[in-house]
Amino acid sequence: MQVWQETFNELKSQYMLKSTEKVGLITEGLRLLAKTPGDFAIVKDLMRQFHWLAGSGGIYGFPQVTKLGLHGERLCDEIIQEANPVSREEWEKLRALLESVSSAFEIEDQRNTVPRMIIAQKTNEILVVDDDENHAILLTRLLDENRLSMRHVVNAEEALRFSKTHMPAGIIVILPLPDDANGYELVERIRALPGGQDPPILVISSKIGFLDKVQAIHCGADGLFEEPVDWDTLMSRMRYLLDRNKPGLYRILSVEDDPDQAAFIKALLESAGYRVHMLEDPQYFEEALLAIQPDLVLLDIMLPGISGFELAKYLRQHERYATLPILFLSTQNALDAHIESARSGGDDHLVKPIAPQLLLSAVASRLERARLVNSLLHRDGLTKLLTHAAFMDEADG
């Protein structure tokens, strides 16, 4: 993730320059507000500046700036709702917040470090853990037919040692393992390694009861198959799971009017391999949908002219977007905001500033769920062939 670290450092440098500009704008706004305390246009502008601080501070290692920004944003909103001229007490609170923001930048920048996203070195091999040579011969042929290579180890110790240095693309564990090693514990230990959450892991066992199924879920396996195995089904499952780790297959549309937030989102998601399209003006939302045909939509809530909630409701009015994942990204963390997100058809409500790994995990999980749902909707349950509607869509495309 070296490219991401370099990009992050560049974005942080730009953010520091922009933060100086924002502090200056708030200073000037307070100066004007002292002269005309009844000018709510000034208060609205101050609210926008504090909103920027709230949404971006924590991303670049300034969590206190985010807290102060949220406080300032709420105070400005309360003043606007009350519709009374700004009192001396309210003005002093805003000025105190500005001074605290300036101090927070100075103090926290001295101890700030760039968040690291540690991902283990990966291989394109499928790791097979089993001491049965017959299984190894069969899987070598099946994987070769699916254009996949195999790394074969005979016990849990070798599997763990290999995974620590070279995380495989996928893993197949065949139980029981020699030396009475616990196969479910092996899966759990691999999942705990850097990058260990990525590879699909399938477990094969000669005996499967309810407790085995619970153990498989608990340890992090993606599938549990009982012998004798339907190898075609197992390979289909592995291929399906491997595709989820190909972000380049997915198009993401992000509606974000803040250029700094947009740059962060785009850089982060593109560093993970997604194809990201940014939209600043929501009035072109429909055109972007038709042109991009996204697999997932990220929506800011506070947008010019129309809210993210309204865009989500527009999407959910159309059948073709019924399964399209919608994630909200907002500084609004109040219960009312979460409720409105759910009512408008959102799949998740993520609060800014968001941790990079959380955003990546939320995006990946929602895309995987949508892909599964669409595969069930578009294929006949018995024949596995495309339904008539899906076939016509493919033909039209």
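**Ser341**

I started at Ser341, which I found in helix α13, spanning residues 335–343. The model is a predicted one, and I keep that in mind for everything below. Buried or exposed, I wondered about Ser341? Its relative accessibility is 3%, so Ser341 counts as buried, given that the cut-off is under 20%. Next I listed its contacts, skipping residues up to four places away in sequence: Ser341 touches Ile301, Phe309, Phe328, Gly346 and His349.

**The sheet with β6 to β10**

Phe328 turned up again when I went through the strands. Leu299 stands opposite Phe328, which belongs to β9. I then wrote down the order of this open sheet: β7-β6-β8-β9-β10, five strands with parallel pairing. Which strands are at the edges? They are β7 (275–279) and β10 (348–351), and each pairs on one side only. I also checked the twist: neighbouring strands here are turned by 20° against each other on average, direction ignored.

Then I took the pairs one at a time. Strand β6 covers residues 251–255 and runs parallel to β7, with five bridges joining the two. Within that pair I noted Ser254 opposite Met278 of β7. On its β8 side, β6 pairs in the parallel sense over four bridges, and there Leu253 faces Val297 of β8. The step from β8 to β9 is also parallel, again over four bridges; this is where the Leu299 and Phe328 match sits.

What packs on this sheet? I found helix α10 (residues 259–271) doing so, touching β6, β7, β8 (296–300) and β9 (326–330). The direction of α10 makes about 170° with that of β7.

**A closer look at β8**

I wanted to know how many of the five residues of β8 are buried. Five of the five are, so β8 is largely enclosed by the rest of the structure. I split the strand by face to see where the cover lies. Leu296, Leu298 and Asp300 are on one side, Val297 and Leu299 on the other, and all of them are buried, so both faces of β8 are covered. I flagged Asp300 in the margin, as one of the buried residues on the first of those faces.

**The sheet with β1 to β5**

I moved on to another open sheet of five strands, with the order β2-β1-β3-β4-β5 and parallel pairing. β2 (149–153) and β5 (223–226) stand at the edges with a single partner strand each, so one side of each has no neighbour in the sheet. The twist averages 20° from one strand to the next.

For a sample pair I picked β4 (residues 201–205) and β5, which pair in the parallel sense over four bridges. Which residue of β5 is the bridge partner of Ile204? It is Phe225. Helix α9, residues 231–243, packs on this sheet and touches β1 (125–129), β3 (170–174), β4 and β5. Its direction makes about 160° with that of β4.

**Tyr250, between α9 and β6**

Following the chain on from α9, I stopped at Tyr250, which lies in the loop between α9 and β6. Although it is in a loop, Tyr250 counts as buried, because its relative accessibility is 7%. Leaving aside neighbours within four places in sequence, I listed its contacts as Asp243, Arg244, Tyr274, Arg275, Asp295, Leu367 and Arg371. I also looked up how Tyr250 sits relative to Val276: the two are 26 residues apart in sequence, with 8.6 Å between their C-alpha atoms.

**Leu211 and its patch**

I wanted an exposed residue as well, and chose Leu211 in helix α8 (residues 210–219). With 63% relative accessibility, Leu211 counts as exposed, since the cut-off is over 50%. Leu211 joins Phe210 and Val214 in a nonpolar surface patch of about 350 Å².

**Whole chain**

Last, I wrote down the totals. I get 15 helices and 10 strands for the protein chain. Of its 397 residues, 44% are buried. The accessible surface comes to about 20800 Å², and 52% of that belongs to carbon and sulfur atoms. For contacts between residues at least 6 apart in sequence, I noted that 68% join residues at least 24 apart.

Terms used: Residues numbered from 1 in each chain as written. Predicted model: local features only at pLDDT ≥ 70, side-chain atom pairs only at ≥ 80, totals over all residues. Heavy atoms only, no water. Patch = residues over 30% accessible without salt bridge, like charges linked within 9 Å, V, L, I, M, F, W, Y side chains within 5 Å. Areas by Shrake-Rupley, 256 points an atom, 1.4 Å probe, with all protein chains shown as cover. Salt bridge = Lys/Arg side-chain N within 4 Å of Asp/Glu carboxyl O. Buried < 20%, exposed > 50% of the residue type's maximum accessible area, 1.4 Å probe, protein only. Contact = heavy atoms within 4.5 Å. Pairing = 2+ DSSP bridges. Axes fitted to C-alpha atoms, helices over the stretch in contact; angles between N-to-C directions.
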